[in-house]
Every structure is written in structure tokens, then in C-alpha cells.
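Okay, thanks for making time, everyone. I'll put the structure up and then walk through a few spots in it.

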Amino acid sequence: MGPEISFRPHKKNMNFNNYEKTFRKKAERSGFSEDNIVACLQYAEPIIQKKLPVIFNTANLAALVGYKTTYLKRAVRFTPYFYRKFLIKKRSGGMRELVEPLPSLKEIQDWILNNLLYEIKVSRYAKAYVRDRSLIENVKYHRNKNAVLALDIIDFFGSITLHHVEEIFLGFGYSSNVANLLAKLCTFDGVLPQGAPTSPYLSNLFLKSFDETVAVYCVARNIRYTRYADDLTFSGDVKDLDIEGFIEVELNKLGLYLRKDKTKLMERNQRQIVTGIVVNDKIQIPKSNRNFIRNEVHYLTKFGLEEHLKRTKNKKTNYLQHLMGKINFALHINPEDRKMHGYKASVKEIIEKEEK
């Protein structure tokens, strides 16, 4: 469908009338019939209204992303050759395999993310992978509550399939062929790859209706709800938080399932953890993390860098920077933490000494 010409409606001044004039002129010059032009414009109008680029076919997308049509066809036909696999350590122990797109495919995915996905808003209850939202916003929502319920989704990205992603692009107004092409460019082995830049935001779009359904249910019961990637957090009174069954049913409708061994109900007299952060009275990193930083700084200042690394058999070449990163994160969570400011000053002094 459509000519091999493409336009990107400008967010500020490109409206459908302007697009129609420009499109019609080029289409007539290319020899298209009036019926074909009308069909193309009917297809384009709802897409332009969403401030999205009009994509009729593979050639249009290729022109927009700056790659040859043959390259896009190879990328969706021989997908494994456009990714590299590597292992990373999981916080809970063991290893996780990630797949990352090669630079050329990543560039195309970045274009899709910035020009298509970011134009569509996700639920305000989704706190991860969204501009101007953060971990801090997620945890603050549940600070100083009587009880906190934490639920976790099994194999989050791996459960969001090519079909799910195709449905998202169909919802943007694209044809089935274009939606299928875009979905294949954003998936690996039929699911969202964890290393692709498009995967996080696509996961938020996939769960948009779920987030809104759960939010309505929770508001009616005086429960606070947020989702940070695959972590679902609810807070309120204990008697109101008996909602795991409802959440499970809603997730199952989407082909998603809860990780039962990670379900935690934390009352006020317990340490309440939301996405790794303590939220009881004041927001801060867990005590074990604070103790680690305190001990590292203590022995650093007592023995010096070289002796400390030798005693702890630490071979990290960027050890000081890594430690400073942990301190900065703690201060990001709680900027008023005086002790952490003191640790930062001590490590900064050591770094400056090492650089001389």
C-alpha cells in the first residue's frame, strides 16, 4: 500500500491538511490514481493525529530510518545474526542471558523508540522506563504506610510476544504488514529482548490497560498502586491488601504470571522494602548496604587503598569509582543522609590523592 515516499509530520506545525497537500502533489507526480491517493490519505490521517510518522510499507520505513530496504528485510528474516548474547550476574544469584542488538539494528530501534513509542503515553502508575519518572517517585508513593504488598511477575520481557507487540503497533493505526515489520524489528526469538532499547517502553505500553484496571480497583479500596517494570507494589491497611487473587487473574489474561516465592506482605513493624529501598519512616537504602559502605570507607581510611584491596582480595580496577557510585545512589535516595555525605568526602579525598 502507498507510494515509496514518506513524510514526518512536525509536532508543532504539521497537520493533516498540510500533509495532504504535500502528499497529493508527490503522489500525483508519481502517477498514483485518485482512488489510491484517497486510500493512502484515509490511512494516514489517524496516524498523523497521533503525531506519528506515516509508514505505508518497508520502503517508507527504510527511508525514515536511513537504511536500505534489503537491510530491514534481512534484519527481520535472519534476526539471530543481528544480536549478540552475553551473561550477567543476577542480584538473586546465578546468571542471566541477555541479547543485545548490533549497532545498526540498535540505531533502528532507537528511531522507533524516539519517533513512535515515546509519542504514546503510558499509564501514570508505571514508574520505570519513563522520562521524568524514577525509582524515587515509585518508593515515595508507599512511604510510611501501615502495610506494603510486593508482587513480582515471572519472566517479564520473555512473556511479551511478537503478537503482543504487533497489537501495540496496530493500535497506533499502522497496517498489519507495517505492524508486523515493526514488531519483528523489536523482538528476538518471538519475544522482547532484554537488551533492546525498545523493550522497556513496549512493556509499559503492553501493560497500559492492566495498570489502569488495577488502579481503578485499588482507588476504590483506598490502596496505593505503582508498577516499576515487573515489580508491583501496593500499600494501605492490611485488611485491604488481600488482592493477590484479583491481580493474578488480570495478569493471566495477558499471559503473565506471578512469582509466588517473591510475594511479600510487610507490615509497619517490619522492614518495608519497595524495589530495594526501605520506606518505613524515611526513605533510604537497606541497613546491610549502609553497613557495607561504612565498613569499606573505614578500612580504606585505616589501611589505605592498596593495602585494603590486598586484604580483601579485591581486583576491581575501578573500585573507588564503584564505591562512590554506591554512595551517590544512597544520597540520591536520601539527600539528607549526613553520614553518607561524610563517606563521600572521605572517598573523594582518596580519589584525588590517587590521581596526583
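**A walk through the model**

So, let's start with the contacts: of those in the protein with a separation of 6 or more, 66% are between residues 24 or more positions apart. Before going on, please keep in mind that this is a predicted model. The mean pLDDT of the protein is 92, and 95% of the residues reach 70 or more. There is one stretch to treat separately: over residues 8-12, pLDDT stays under 50, and the model has twelve contacts beyond four places in sequence for those residues.

For the overall picture, we have 15 helices and eight strands. The C-alpha trace spans about 80 × 60 × 40 Å along its principal axes. Of the 356 residues, 45% are buried.

Okay, the sheet. Four strands form an open sheet in the order S4-S5-S3-S6, and the pairing is antiparallel. At the edges sit strand S4, residues 224-228, and strand S6, residues 264-267, each pairing on one side only. On average, neighbouring strands in this sheet are turned by 15° against each other, if you ignore direction. In the middle of that order, S3, which covers residues 147-152, pairs with S5 in the antiparallel sense over six bridges. If you want one bridge to click on, alanine 150 has threonine 233 in S5 as its bridge partner.

Staying in S5, have a look at serine 235. That strand runs over residues 231-236, and serine 235 is in it. Is serine 235 buried or exposed? Its relative accessibility is 1%, so it counts as buried. Its side chain makes a polar contact of 2.7 Å with the side chain of histidine 142. Leaving out residues up to four places away in sequence, serine 235 touches a whole list of residues, among them Tyr141, Lys145, Val148, Asn222 and Leu241.

A bit further along is aspartate 240, in the loop between S5 and helix H11, which is 244-253. Again not counting residues up to four places away, aspartate 240 touches Arg221 and Ile223. Arginine 221 is 19 residues from aspartate 240 along the chain, and their C-alpha atoms are separated by 6.7 Å.

Now over to a helix, H3, residues 58-65. Why call H3 largely enclosed by the rest of the structure? Because six of its eight residues are buried. Those are Ala59, Asn60, Leu61, Ala62, Leu64 and Val65. The cover over them includes helix H4 (69-77), H5 and helix H8 (176-185). At the start of H3, asparagine 57 has a side-chain oxygen that reaches to within 3.3 Å of the backbone nitrogen of alanine 59. At the other end, H3 is followed by glycine 66, with a positive phi near 85°.

Speaking of positive phi, there are two lysines to mention. Lysine 51 is not a glycine, yet its phi is positive, about 60°. You'll find lysine 51 in the loop between helix H2 (34-49) and H3, and at 42% relative accessibility it counts as partly exposed. Then there's lysine 313, where phi is near 55°, again positive in a residue other than glycine. Lysine 313 is in the loop between helix H13 (305-312) and helix H14 (319-333). Its relative accessibility is 73%, so lysine 313 counts as exposed.

One more loop residue: arginine 131. Where does arginine 131 sit? In the loop between helix H5 (103-115) and helix H6 (135-140). With a relative accessible area of 52%, arginine 131 is exposed. Its contacts, not counting residues up to four places away in sequence, are Asn114 and Tyr118. With asparagine 114 there is a side-chain to side-chain polar contact of 3.3 Å. Isoleucine 120 is eleven residues from arginine 131 in sequence, and the C-alpha to C-alpha distance is 12 Å.

Last stop, cysteines. How many disulfides does the count come to? Zero, with the cut-off being cysteine sulfur atoms within 2.5 Å of each other. Two cysteines to look at are cysteine 40, which counts as buried at 1% relative accessibility, and cysteine 186, also buried, with a relative accessible area of 0%.

That's it from me. Thanks for listening!

Definitions and conventions. Residues numbered from 1 in each chain as written. Heavy atoms only, no water. Buried < 20%, exposed > 50% of the residue type's maximum accessible area, 1.4 Å probe, protein only. Polar contact = N/O pair within 3.5 Å; in protein donor to acceptor, adjacent residues only side chain to side chain. Contact = heavy atoms within 4.5 Å. pLDDT = per-residue confidence, 0-100. Pairing = 2+ DSSP bridges. Axes fitted to C-alpha atoms, helices over the stretch in contact; angles between N-to-C directions.
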